[in-house]
Structure formats: C-alpha cells, structure tokens
Amino acid sequence: MSRRALLLGSVAAMAPAVLIASHAAAAPGGILQRFAPPSEPMVLTRTLVRTLRDGKEIVVRRSYAVRFTANGDGYLLEGHQIEASVDAPAKLASLADIERSRIDKDMFPIRLDAAGQIAAPQHKPGLKSPAHDAAVRQSHRLVDQSKLSPALKQEAHQQVTQLGAASADGEDWPADLFSPLATDRTQRQRFALPDGGVGEVEVSIRIVGKADSGIPARVERTVTTVISGDSRISREVWTLGPANRID
C-alpha cells in the first residue's frame, strides 16, 4: 500500500472537523421558525458508514429512546441508548464486539434553542472513553503481533483507526439536525497535506421528509475526501420516528 493511500485513509477517518462543524451555520437561505417538537416518545437512530480502501464497509448504528421537553426558552432532548450494532471486517471482530457492548452514557441531555437548533457550545456525542482507547491500542498490538505481510499490516492498522473513529462518533452533529435551515446543500473546502499536496473535502447534507412539527424524518450527511484522484467516502444517517417504529 502506498504512503498516499495510508494518508487518504487517515484523513478520511478523521474528516476535517472544522468544515463539518460549520456546515449547518453556512446553510444558505435559512429562516428560523418557532420549533414545535413532538411530545410523544421517539426513537433516534444514527448510522455511520465508512468505506475502506478495499471496498468493504464499517457500519456503526446506535439507537436512542428520546423525548423533547420544554426548558426555559428552549428545549431539552433527553434519552438513553437502547440498541447498538457494529459491522466490520473479520480482522476487526474483537474491537467490533467491544463497541457493540459500549453504551453512550454522556449523550444526553442535548440542549436546543427556541428554533430547535442544537445550542452552543455544540454537543459532541460519543466522546472517547478510556475503555475505547484501550480497545483501539489492543487491536493495533494484535495487528503488530500477527503474521500478516507488511502491506497487509498497514491495511489492518488503517482499518483499526477507521473503526475507532467511526465507533467513537467524534464529529459534531449538524446544529440544525432537528430544524433544518435549508434543504439539500453541499460545501467544499481544500486543505494542505503533510507531504505538501492539497486535498479536498466535500460535505453534502440531504433532508428527507418532514413531520408536522418540521422535524425531518431522515437526514443524510456524506463526506467525500479526495487526495490525488483517490477518494474515500463516509456517510451518516439520522432517522427520527415514533417509539413504536424504528426505521
């Protein structure tokens, strides 16, 4: 595997957080309206998909039982995790097992303003725990101790890094996740690489369906990282529906 391919994997796994975090604020033509969230219990599901160099995918899915409640001049989204799944290549099975058993205990409450925007400072879900970091280090040690060829070891290390990034859910959620300022939108930004080259990241957000409250039924965010013609894609999907149905 080339050094550039490894660099692409690393950059894609840690997709430029500044662009992702600022994307909602840059939504064109946004008009803030009074937010009227549903009062009944809901299920929020976030699915993150990362495509690896070999075409295989890492899929991390977590579902939460949630409820919107009034709080001062805004709202709280309260909840707890009810389900988690991790699909990953076989060589990452041990880390995937640990991630399936990990529970996001610090996710909630999420504070929203009167317009339904995630309030500043923006909530950062899925902060890495010591157990998560230890699991990632252990997976890297197992790769080092394996009898894989040097090239396959490099690929395995890259996959461990990507699964660690995916399962940690380190990026910010869009500030307008529950009350979009605009419909479909795309933002691009170039960035400097350590080797002197230039890469590009593109972030696209797609809104699918809206309830009477204005909350979208589905939000998709796709991050495409391109370096010297090679690309890596990660995709996040959030769905929100009644507690008696999980989409």
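# Briefing: a salt-bridge network within an eight-stranded sheet

Arg46, Arg221 and Glu236 are joined to one another in a network of salt bridges. The model in which this network appears is predicted. The protein chain has 247 residues and contains five helices and eight strands. The eight strands form an open sheet with antiparallel pairing, and the members of the network lie in strands E1 and E8 and in strand E7.

**The chain as a whole**

- Read from the N terminus, the elements of the protein chain follow the order α-α-β-β-β-α-β-α-α-β-β-β-β.
- Of the residues in the protein chain, 48% count as buried.
- The protein chain exposes about 11900 Å², and carbon and sulfur atoms supply 53% of that area.
- Among contacts in the protein chain with a separation of 6 or more, 64% are made by residues 24 or more positions apart.

**The sheet**

- Across the open sheet, the strands are arranged in the order E4-E3-E2-E1-E8-E7-E6-E5.
- Strand E4 (110–112) and strand E5 (185–192) are the edge strands, and each pairs on one side only.
- From one strand to the next, the twist averages 20 degrees.

**Strand E8 and its two partners**

- Strand E1 (residues 42–51) and strand E8 (residues 230–242) run antiparallel and are joined by nine bridges.
- Within this pairing, Arg50 has Ser234 in E8 as its bridge partner.
- Strand E7 (residues 216–227) also runs antiparallel to E8, and ten bridges join the two.
- Two residues stand opposite partners in E8: Thr222 faces Arg235, and Glu220 faces Val237.
- E7 and E8 form a hairpin with two residues between the strands, where Ser228 takes a positive phi near 50 degrees.

**The salt-bridge network**

- The structure holds seven salt bridges.
- Side chains of opposite charge can pair when their charged atoms come close.
- In the salt bridge between Arg46 and Glu236, the closest N and O atoms are 2.2 Å apart.
- This pair links distant parts of the chain, with Arg46 in strand E1 and Glu236 in strand E8, 190 residues apart.
- Glu236 also meets Arg221 in a salt bridge, at 2.8 Å from N to O.
- That second pair likewise links distant parts of the chain, with Glu236 in strand E8 and Arg221 in strand E7, 15 residues apart.
- Glu236 takes part in the salt bridge with Arg46 and in the one with Arg221, and the three residues form a network.

**Burial of the charged residues**

- Arg46 has a relative accessible area of 4%, and because buried means under 20%, Arg46 counts as buried.
- Glu236 is also buried, with a relative accessible area of 4%.
- Arg221 is buried as well, its relative accessible area being 1%.

**A further salt bridge in the structure**

- Glu220 forms a salt bridge with Arg218, and their closest N and O atoms are 2.6 Å apart.
- Glu220, at 14% relative accessibility, counts as buried, whereas Arg218, at 29%, counts as partly exposed.
- Glu220 thus has two roles to note: it stands opposite Val237 in E8, and it is paired with Arg218 in a salt bridge.

Terms used: Residues are numbered from 1 along each chain as its sequence is written. This is a predicted model: local features need pLDDT of at least 70, side-chain atom pairs count only at pLDDT 80 or more; totals for chains, interfaces and linings use all residues. Side-chain values use heavy atoms; hydrogens and water are left out. Helices (H or I, at least four residues) and strands (E, at least two) are DSSP runs, numbered from the N terminus. Buried means under 20% relative accessible area, exposed over 50%, partly exposed in between (1.4 Å probe, protein chains only). Contact means heavy atoms within 4.5 Å. Accessible areas come from the Shrake-Rupley method with a 1.4 Å probe; for residues, only the protein chains shown count as cover. Two strands pair if DSSP finds at least two bridges between them. Axes are lines fitted to C-alpha atoms, for helices over the stretch in contact, and angles run from 0 to 180 degrees between N-to-C directions. A salt bridge is a side-chain nitrogen of Lys or Arg within 4 Å of a carboxyl oxygen of Asp or Glu.
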